[in-house]
Amino acid sequence: VSTAERLIQPPEAKGQGVPSGYNDLDDLLRGFRAGQLVLLAARSRVGKTSLACDIIRQVASQGYTVVFFSLEMTRSEIWERMVCGQAGVSLHALKSRQALPAEATALRTAAAEIASNYIVVKDSPDVTPLSMRGFCRKVQHKQGLGLVVVDYLQCIKSGKDKHNRYEAVSEVSRQLKVMARTLNVPVLALAQLNRTAEQ
């Protein structure tokens, strides 16, 4: 009976998960829901990490604590992407020249804005789903937790012996879903597709 009553309610009464900051995505998913595992999958070098960093900034700016496990990039590389994204300054351009005065001002302002939010970046490449869950529990207990982001799925060690890559990725996916359910927070995991996906 309670399930039927919940389904009958208008959309606004059903509640929404953690907003991503992208209206079209939020309309489709109704935000990132507690206990949900969401996969962001694309082939290499199309901007998955950049999009994840943008979502993290948007979510954190709304007062949520976000934990970001970066298994491929270092903490400093992630912060550079976030600050440049917030400032609207091209990170690629800054690699070949000094920042212009207006860019420097925008970068300092952006860094201060991001620093005022709760974003925790963990860049250890040796994490397992179990160690991630333990780390997130500590953060959740200390200051709450709104979203967990993992970059990326195939880099995570399952912690169990698996004979092939498919089994290992399946096991990691299952454990990330368990983590989302146990912590009762959404988990956004990036995944790499090979080029045959385009066919």
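## Exercises on a predicted model

Arg-30 is partly exposed, with a relative accessible area of 28%. That value comes from a predicted model, and the exercises below walk through the rest of the chain from this starting point.

**Exercise 1. Find where Arg-30 sits, and state the sign of its phi angle.**

Step 1. Look in the loop that links helix H2 (23-29) to strand E1; Arg-30 is there.

Step 2. Check the backbone. Phi of Arg-30 is near 55°, a positive value, and the residue is not glycine. Most residues other than glycine have a negative phi.

Step 3. Look for a partner further back in the chain. Pro-19 is 11 residues away in sequence, and its C-alpha atom is 7.6 Å from that of Arg-30.

**Exercise 2. Describe the overall make-up of the chain: how many helices and strands does it have?**

Step 1. Count the elements: there are 8 helices and 5 strands.

Step 2. Read them in sequence order, and you get α-α-β-α-β-α-α-α-β-α-β-α-β.

Step 3. Consider burial and contacts. Of the 199 residues, 37% count as buried. Among contacts with a separation of 6 or more, 71% are between residues 24 or more positions apart.

**Exercise 3. Work out the order of the strands in the sheet, and name the strands at its edges.**

Step 1. The 5 strands form an open sheet with parallel pairing, in the order E1-E5-E4-E2-E3.

Step 2. The edges are E1 (37-43) and E3 (119-122), each of which pairs on one side only. From one strand to the next, the twist averages 20°.

Step 3. Now go across the sheet pair by pair. E1 and E5 are joined in parallel by 7 bridges, with Leu-40 opposite Leu-190 in E5. E4 and E5 share 3 bridges, again parallel, and here Val-148 faces Val-187 in E5. Between E2 and E4, which run parallel, there are 5 bridges; Phe-69 stands opposite Val-150 in E4. Finally, E2 (residues 66-70) pairs with E3 over 4 bridges in the parallel sense, where Val-66 has Ile-119 of E3 opposite.

**Exercise 4. Look at strands E1 and E4: which of their residues are buried?**

Step 1. In E1 the side chains alternate. Val-38, Leu-40 and Ala-42 point to one face and are buried, while Leu-37, Leu-39, Ala-41 and Arg-43 point to the other and are not.

Step 2. In E4, 5 of its 5 residues are buried. Leu-147, Val-149 and Asp-151 lie on one side, Val-148 and Val-150 on the other, and both faces are covered.

**Exercise 5. Explore the nonpolar cores, starting from Phe-68.**

Step 1. The largest nonpolar core has 29 residues, and Phe-68, Met-82, Leu-147, Val-149 and Leu-188 have the most contacts inside it.

Step 2. Ask which elements build this core. Those giving two or more residues are E1, H3 (48-61), E2, H4 (75-87), H6 (101-115), E3, E4 and E5 (187-193). H3 gives the most, with 6 residues.

Step 3. Follow Phe-68 outward. Beyond its neighbours within four places in sequence, its contacts include Cys-53, Ile-56, Met-82, Val-120 and Val-149.

Step 4. Another core, of 21 residues, lies apart from this one; Phe-69, Leu-145, Val-148 and Met-179 are among its members.

**Exercise 6. Decide how helices H7 and H8 are oriented to each other.**

Step 1. Their axes come within 10 Å and cross at roughly 20°.

Step 2. Angles under 35 degrees count as roughly parallel, so H7 is roughly parallel to H8.

Step 3. Add the handedness: H7 passes H8 in a right-handed crossing. Residues making the contact include Leu-130, Met-132 and Cys-136 of H7, and Leu-176, Val-178 and Met-179 of H8.

Step 4. Place H7 against the sheet too. H7 (residues 129-143) lies across E2, E3 and E4, and runs at about 155° to E2.

**Exercise 7. Find the cis peptide bond, and state whether Asn-184 is buried or exposed.**

Step 1. The cis bond joins Asp-151 and Tyr-152, with omega about 0°. Most peptide bonds are trans.

Step 2. Tyr-152 belongs to the loop between E4 and H8.

Step 3. Move on to the loop between H8 and E5, which holds Asn-184. Asn-184 is exposed, with a relative accessible area of 51%, and its phi is near 60°, a positive value in a residue other than glycine.

Definitions and conventions
Residues numbered from 1 in each chain as written. Predicted model: local features only at pLDDT ≥ 70, side-chain atom pairs only at ≥ 80, totals over all residues. Heavy atoms only, no water. Pairing = 2+ DSSP bridges. Axes fitted to C-alpha atoms, helices over the stretch in contact; angles between N-to-C directions. Contact = heavy atoms within 4.5 Å. Core = buried A, V, L, I, M, F, W, Y, C linked by side-chain atoms within 4.5 Å. Buried < 20%, exposed > 50% of the residue type's maximum accessible area, 1.4 Å probe, protein only. Parallel < 35°, antiparallel > 145°, perpendicular 65-115°, else oblique. Left-handed = near helix turned anticlockwise from the far one by under 90°.
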